[in-house]
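These notebook entries record what I looked up, topic by topic. I began with charged pairs and then turned to cysteines, one loop, one helix and the aromatic rings.

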Amino acid sequence: MRIGVFIIAALFPGQEPGRVLADSVELIVAAEEAGFDDAWIAEHHFMSYGVCPSATTLAAVAVGRTSRIGLGTAVSVLSNHHPVALAEQAAMLHHLSGGRFTLGVGRGGPWVDLEVFGTGVERFERGFGESLDVLLGALSGGPVAADGEFFRFREVAMVPPARLRPVVACTSEATVGLAAGRGLPMLLGMHVGDAEKADLVAGYAARGGTAKGHVAAAVGHVADSTARAVRELKASMPGWLGPGLAGYVPVDGRPRASRDVPGYVDLLTRIHPVGSAGHCAETLLRTSEATGIEHFILMVEGLGEHRRTLENIRRFGAEVLPLLAR
């Protein structure tokens with residue numbers, strides 16, 4: 001089993017974004033020291049939910065601060081980027097890290113990002129497959145060209161070239177089909193439980209997907225008892241999630257579903273490794289058995305305080321990871 005950390009760069013009340021970004025790098029360094037396999041970084045724009053607008057930039061800083069741990073993006077929002085430009089960044093990180101980098105991409109949502117960056121809602125609604133194919137061409141190790149609806153350009157050499165297979169965030173049957181059809185592993189989100197994850201994995205196989213190494217995100221928090229761990233997150237996470245989730249602004253005025261924040265936190269603490277060390281290990285093993293997934297990335301920032309997040313990472317490494325290695 002592979003266990004990583006999932007760095008959102010969450011902005012809790014009273015914090016300063018630049019400090020949160022600097023602290024995020026320290027969390028990755030601590031994760032390497034604690035024995036985690038990898039660290040994955042989220043991309044968000046114009047919101048407090050996460051204050052890292054460029055996961056590849058933060059990964060580049062982390063490359064220079066670490067020597068062993070794998071680094072990935074979870075995810076780079078492909079609807080916001082030109083796929084060739086993103087491929088160039090991924091290739092650089094691949095070479096500069098000595099092969100430690102994995103590019104994770106997602107479709108994103110119908111958010112105001114599409115307006116600001118000029119990519120438009122059409123890229124989100126029907127352009128993800130074409131964007132993904134251009135990205136794969138640019139990461140094939142050879143030249144790339146395009147002649148589609150959204151991208152049309154002559155053949156160019158990729159410099160530096162790199163052979164990389166991205167991981168694709170999947171939250172819908174359509175995206176599962178796109179990943180399966182291209183033989184790319186899935187990244188599954190924190191908001192779904194074991195049954196939903198198992199259904200997505202089964203749907204992937206039913207659509208002919210053959211890739212191994214699916215990744216699942218989860219909340220990870222260890223304490224002396226499960227009751228205490230749950231109590232701590234229920235006290236801290238709503239202050240971040242409330243204003244954070246409100247930052248998702250639709251690009252075209254379409255209605256946005258509201259979320260019951262306390263109810264969401266309750267769900268997260270029930271379905272994820274939140275509890276005593278033994279409970280955390282048992283939860284991860286149960287999810288792995290139910291879904292076939294053997295790679296988990298843990299959102300460890302739930303307490304919102306840098307010192308306590310560092311403690312959570314170190315304690316998870318010292319108390320939970322050894323239980324999973326037996």
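**Entry 1: Salt bridges.** I took a salt bridge to be a side-chain nitrogen of Lys or Arg within 4 Å of a carboxyl oxygen of Asp or Glu. The model I worked on is predicted. I found 18 salt bridges in the structure.

I looked up Arg65 and Glu26, whose side chains form a salt bridge with an N to O distance of 3.1 Å. This pair connects distant parts of the chain, since Arg65 belongs to helix H2 (residues 55–65) and Glu26 to helix H1 (residues 17–34), 39 residues apart. I noted Arg65 as partly exposed, at 40% relative accessibility. Glu26 is also partly exposed, with a value of 30%.

I then turned to Glu149 and Arg126, where the closest N and O atoms of the salt bridge are 2.4 Å apart. Glu149 sits in the loop between strands E7 (144–147) and E8 (152–156), while Arg126 is in helix H5 (residues 121–126), so the bridge ties together parts 23 residues apart in sequence. Glu149 is exposed, at a relative accessible area of 52%.

**Entry 2: A salt-bridge network.** I recorded a salt bridge between Asp224 and Arg228, with 3.4 Å between the closest N and O atoms. Shared partners join Asp224, Arg228, Glu232, Arg308, Arg315 and Glu319 into one network of salt bridges. Within this network, Asp224 is exposed at 55%, whereas Arg228 is partly exposed at 37%.

**Entry 3: Cysteines.** How many disulfides does the count give? I obtained zero. I also checked the burial of two cysteines: Cys170 is buried with a relative accessible area of 1%, and Cys280 is buried at 0%.

**Entry 4: The surroundings of Ser276.** I located Ser276 in the loop between strand E13 (274–275) and helix H11 (277–291). Leaving out residues up to four places away in sequence, I found that Ser276 touches Val222, Ala223, Asp224, Ser225 and Thr226. From Ser276 to Arg314 I noted a separation of 38 residues in sequence and 14 Å in space, C-alpha to C-alpha.

**Entry 5: Helix H10.** Which residues of helix H10 (residues 261–271) are buried? I listed Val261, Tyr264, Val265, Leu268, Thr269 and Ile271. The buried residues of H10 pack against strand E11 (215–219), helix H9 (226–246), E13 and H11. At Tyr264 I also noted Arg259, which lies over the face of the ring at 4.0 Å from the ring centre.

**Entry 6: Aromatic rings.** My count of aromatic pairs came to six. In one of them, Phe36 and Phe316 have ring centres 6.1 Å apart and planes at 35 degrees, so I entered the pair as tilted. Phe36 is in the loop between H1 and strand E2 (38–41) and Phe316 in helix H12 (residues 306–324), so this pair ties together parts 280 residues apart in sequence. Phe36 is buried at 0%, and Phe316 is buried at 0%.

Trp111 and Tyr248 form a pair that is tilted because their planes stand at 50 degrees, with the ring centres 5.1 Å apart. Trp111 lies in the loop between strand E6 (104–106) and helix H4 (113–116), and Tyr248 in the loop between H9 and H10, so parts 137 residues apart in sequence are tied together. I noted Tyr248 as buried, at 19% relative accessibility. Ring pairs link Phe12, Tyr49, Trp111, Trp240 and Tyr248 into a cluster.

Lastly, I recorded the charged end of Arg107 over the ring of Phe124, 4.0 Å from the centre of that ring.

How values were computed: Residues are numbered from 1 along each chain as its sequence is written. This is a predicted model: local features need pLDDT of at least 70, side-chain atom pairs count only at pLDDT 80 or more; totals for chains, interfaces and linings use all residues. Side-chain values use heavy atoms; hydrogens and water are left out. Helices (H or I, at least four residues) and strands (E, at least two) are DSSP runs, numbered from the N terminus. Buried means under 20% relative accessible area, exposed over 50%, partly exposed in between (1.4 Å probe, protein chains only). A disulfide is a pair of cysteine sulfur atoms within 2.5 Å. Contact means heavy atoms within 4.5 Å. Rings of Phe, Tyr and Trp (its six-membered ring) pair if their centres lie within 6.5 Å; planes under 30 degrees apart count as stacked, over 60 as edge-to-face and the rest as tilted. A charge sits over a ring if NZ of Lys or CZ of Arg is within 6 Å of the ring centre and within 35 degrees of the ring normal.
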